[in-house]
Amino acid sequence: MTDSYEAREPTLGSYLALLRRRKWWVIAVTVLGLVASLGYSLTQPKAYSASAQLLFQPDNAVITANGSPEQITPTDVLTELQLVTSAPVKAAVARKLGNVPNVSAAEVGTTNIISVTATAANPARAALIANAYATAFVTYQRSVTISNLAAAETQLSRQIASIAAQVKSLQSNPTSAADVSALLNQEAALKEQLAQLQVNGAVSTGGIELVTPATAPSSPSSPKPSRDAILGFVLGLLLGIGLAFVVEHLDDTVHLKEEVER
C-alpha cells in the first residue's frame with residue numbers, strides 16, 4: 001500500500017518529465033507571448049516625458065507671530081501639489097501655449113522638491129509644457145504673496161492714519177500728553193512694520209523657485225520594447241507551463257507500463 005501511494009505522489013522529477021513531454025506547448029506559448037507583447041509595443045506611438053523641478057521653501061516675506069520664518073509642513077507640500085494644476089495656473093498656460101495640456105505633479109522623495117512632468121509626442125514639446133506650468137506656478141505663487149502683503153500694507157496704513165488723527169485731536173489738550181506719547185510710540189512701531197512689509201514685497205519669491213528647468217528628453221518614455229518583451233516572455237512562459245499541465249491532465253493516452261501503474 002505504501003509503495004502504491006509513493007508511486008502516485010507527485011515529485012519534482014515527475015513534473016520535469018511532464019514538461020519535457022509537453023515542451024512544445026511551453027515553447028509555442030512562450031514565443032507567442034513574446035511576439036505579441038513585442039509587436040504591440042512596437043506599434044504604439046512614441047511618447048516623451050520631461051520634468052521641471054520646483055523648490056518649495058519658507059518665504060522670507062512671511063513671518064509668524066513670534067517673528068520667526070514660517071515653517072513648511074507635509075500638508076503644505078500636498079497643497080502646493082494641488083495648486084500646480086489649479087485654474088489660475090492653467091489659465092496662464094493656456095495664454096502661453098494656446099491650450100491646456102495635462103501634467104502631473106509629485107513630491108520628490110521626502111524633500112520639498114516638486115517635480116512637474118509633461119508627456120508629449122515631441123520631446124521639445126514635452127519640455128515646453130513642463131516649463132510653462134512651472135513658470136506659471138512660480139508667477140502665480142508670487143502674485144498671491146504680493147497681494148497678501150499689499151493687503152497687510154493697506155491695513156497698516158489705515159491704522160497709522162487713524163493713530164495720526166487721534167494724536168492730532170489730543171495735542172491741543174495738555175493733560176493728554178501721556179496718551180499722545182503712547183500713540184506716537186504705537187505709530188512708530190506700525191511704520192516700522194509697514195517699511196518691513198514693503199521690503200519683503202520687493203524680495204519675495206512666493207516660496208517657490210524653479211531650480212531645474214525641463215530639458216528635451218533624448219529617448220521616449222514609452223513604449224519600452226525591451227521591458228515589454230521581458231514581460232511578454234515571462235507571462236508566456238507561465239501560461240505555457242500551465243497549459244502543459246492542463247493538456248497532460250486531459251490526455252488519457254497510455255504509453256508506458258509505469259503510466260498504467262500510476
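## Sheet and helices of a predicted model

In strand β4, E209 is the bridge partner of L55. This pair belongs to a predicted model, and L55 also stands opposite I113 in β3, which gives a convenient place from which to describe the sheet.

**The sheet**

The four strands form an open sheet in the order β2-β3-β1-β4, and their pairing is antiparallel. Because β2 (103-107) and β4 (208-212) stand at the edges, each with a single partner strand, one side of each is left without a neighbour in the sheet. Direction ignored, neighbouring strands of this sheet are turned by 30 degrees against each other on average. In general, strands of a sheet pair through backbone hydrogen bonds, either parallel or antiparallel. The pairings found here are set out in the table.

| Strand pair | Sense | Bridges |
|---|---|---|
| β2 and β3 | antiparallel | five bridges |
| β1 and β3 | antiparallel | eight bridges |
| β1 and β4 | antiparallel | four bridges |

Within the pairing of β2 with β3 (residues 113-120), S104 stands opposite T117 in β3, and E107 has I114 in β3 as its bridge partner. These two strands, β2 and β3, form a hairpin with five residues between them, and in the turn G109 has a positive phi of about 60 degrees.

Which side chains of β1 are buried, and which are not? The side chains alternate along the strand: Y48, A50, A52, L54 and F56 point to one face and are buried, whereas S49, S51, Q53 and L55 point to the other face and are not buried.

**Helices on the sheet**

Helix α4 (residues 74-83) packs on the sheet, where it touches β1 (48-56), β2, β3 and β4, and the direction of α4 makes about 170 degrees with that of β2. Helix α6 (residues 123-170) also lies across β1, β2, β3 and β4, and it runs at about 20 degrees to β1.

Two residues, one from β1 and one from α6, show some of the surroundings in detail. S51 is found in strand β1, and because its relative accessibility is 32%, S51 counts as partly exposed. Apart from neighbours within four places in sequence, S51 is in contact with S115, V116 and T117, and also with T212, P213 and A214. The C-alpha atom of S51 is separated by 5.9 Å from that of A130, although the two residues are 79 residues apart along the chain. N131 has its place in helix α6, and because its relative accessibility is 19%, N131 counts as buried, the cut-off being under 20%. With neighbours within four places in sequence again left aside, N131 is in contact with A52, P213 and A214. P213 and A214 therefore appear among the contacts of S51 as well as among those of N131.

**Helix α8 and its cover**

How far apart are the end C-alpha atoms of helix α8? They are 36 Å apart, which agrees with the 38 Å that the 26 residues of α8 (residues 225-250) should span at 1.5 Å a residue. Buried residues in α8 are D228, A229, G232, G236, G240, A244, V247 and E248, and what covers the buried residues of this helix includes α2 (12-21) and α3 (23-43).

The contact of α2 with α8 can be followed residue by residue. The axes of α2 and α8 come within 10 Å and cross at roughly 95 degrees, and the two helices are therefore roughly perpendicular to each other. On the α2 side, Y15, L18, L19 and R21 meet I241, A244, F245 and E248 of α8. Sorted by class, this contact has six nonpolar residues, no polar residues and two charged residues. Two of the α8 residues in this contact, A244 and E248, are among those that are buried in the helix.

**The chain as a whole**

The protein chain has nine helices and four strands, and from the N terminus on its elements run α-α-α-β-α-α-β-β-α-α-β-α-α. Of its 262 residues, 29% count as buried. When contacts between residues at least 6 apart in sequence are considered, 81% of them join residues at least 24 apart. The contact of S51 with T212, P213 and A214 and that of N131 with A52 are examples from the sheet and from helix α6 of residues that meet from separate parts of the protein chain.

Notes:
Residues numbered from 1 in each chain as written. Predicted model: local features only at pLDDT ≥ 70, side-chain atom pairs only at ≥ 80, totals over all residues. Heavy atoms only, no water. Pairing = 2+ DSSP bridges. Axes fitted to C-alpha atoms, helices over the stretch in contact; angles between N-to-C directions. Contact = heavy atoms within 4.5 Å. Expected span 1.5 Å × (residues − 1). Buried < 20%, exposed > 50% of the residue type's maximum accessible area, 1.4 Å probe, protein only. Parallel < 35°, antiparallel > 145°, perpendicular 65-115°, else oblique. Nonpolar A, V, L, I, M, F, W, Y, C, P; charged D, E, K, R; others polar.
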